[in-house]
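Here are a few friendly notes to read alongside the model. I have set them out as numbered points, so feel free to take them one at a time.

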Amino acid sequence: MKAATNINRRIRMLFHTLGLSCLGGAIFLQVLVFADIANRGYFMAVENNPAILTFEIILTAFALIYFIYIYLRFIRSIR
């Protein structure tokens, strides 16, 4: 029973670590994009590697799901 609890705790920790890292990365990228727009007036990015592009899309989807999960959990805790 205790081993299962430790595994669940580690999985939850990994889930939150990855989720918060994705959200932090998204905020950092938004700051870089905003700075580029403020300096040049536009932002243009091109990714030629399909593996990198696929991984970025997967991480973005995970960040969106994690954000919705945390948001709903917060709203439910207020009630």
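1. To begin with a single residue: in which helix does phenylalanine 15 lie? Phenylalanine 15 belongs to helix H1, which covers residues 2–40. Please keep in mind that this is a predicted model.

2. Is phenylalanine 15 buried or exposed? The answer falls in between: its relative accessible area is 28%, and because buried means under 20% and exposed means over 50%, phenylalanine 15 is partly exposed. Leaving aside residues up to four places away in sequence, phenylalanine 15 touches Phe62, Tyr66 and Tyr69. Take tyrosine 66: phenylalanine 15 and tyrosine 66 are 51 residues apart in sequence, with their C-alpha atoms 8.7 Å apart in space.

3. Histidine 16 is also worth a look, and it is found in helix H1. Its relative accessibility is 19%, and since the cut-off for buried is under 20%, histidine 16 counts as buried. With residues up to four places away in sequence not counted, histidine 16 touches Tyr66, Tyr69, Ile70 and Arg73.

4. Now for H1 as a whole. H1 has 39 residues and runs 57 Å from its first C-alpha to its last, close to the 57 Å expected at 1.5 Å a residue. The buried residues of H1 are His16, Gly19, Cys22, Val33 and Asp36, and what covers them includes H2. After H1 comes glycine 41, which has a positive phi, near 95 degrees.

5. You may like to inspect the largest pocket, whose volume is about 420 Å³. It is lined by 16 residues, and the closest to its centre are Gly25, Ala26, Leu29, Glu56 and Thr60. H1 and helix H2 (50–78) are the elements that give two or more residues to this lining. By type, the lining of the largest pocket divides into twelve nonpolar, two polar and two charged residues.

6. Finally, the overall form. The protein has two helices and zero strands. Its radius of gyration is 17 Å, well over the 12 Å that the globule rule gives for 79 residues, so the protein is more spread out than a compact globule. Along the principal axes, the C-alpha atoms fill a box of roughly 55 × 35 × 15 Å. How many of the 79 residues count as buried, as a percentage? The figure is 9%.

Methods:
Residues are numbered from 1 along each chain as its sequence is written. This is a predicted model: local features need pLDDT of at least 70, side-chain atom pairs count only at pLDDT 80 or more; totals for chains, interfaces and linings use all residues. Side-chain values use heavy atoms; hydrogens and water are left out. Helices (H or I, at least four residues) and strands (E, at least two) are DSSP runs, numbered from the N terminus. Buried means under 20% relative accessible area, exposed over 50%, partly exposed in between (1.4 Å probe, protein chains only). Contact means heavy atoms within 4.5 Å. On a 1 Å grid over the protein atoms alone, a cavity is a set of points where a 1.4 Å probe fits but cannot get out, and a pocket is an open set with protein on both sides within 12 Å along at least five of seven lines; lining residues have an atom within 4 Å of a point. Grid points are joined across faces, edges and corners, and a volume is the space filled by probe spheres set on the points. Ala, Val, Leu, Ile, Met, Phe, Trp, Tyr, Cys and Pro count as nonpolar, Asp, Glu, Lys and Arg as charged, and the others, Gly among them, as polar. The expected span of a helix is 1.5 Å times one less than its number of residues. The radius of gyration is taken over C-alpha atoms; the globule rule is 2.2 Å times the number of residues to the power 0.38.
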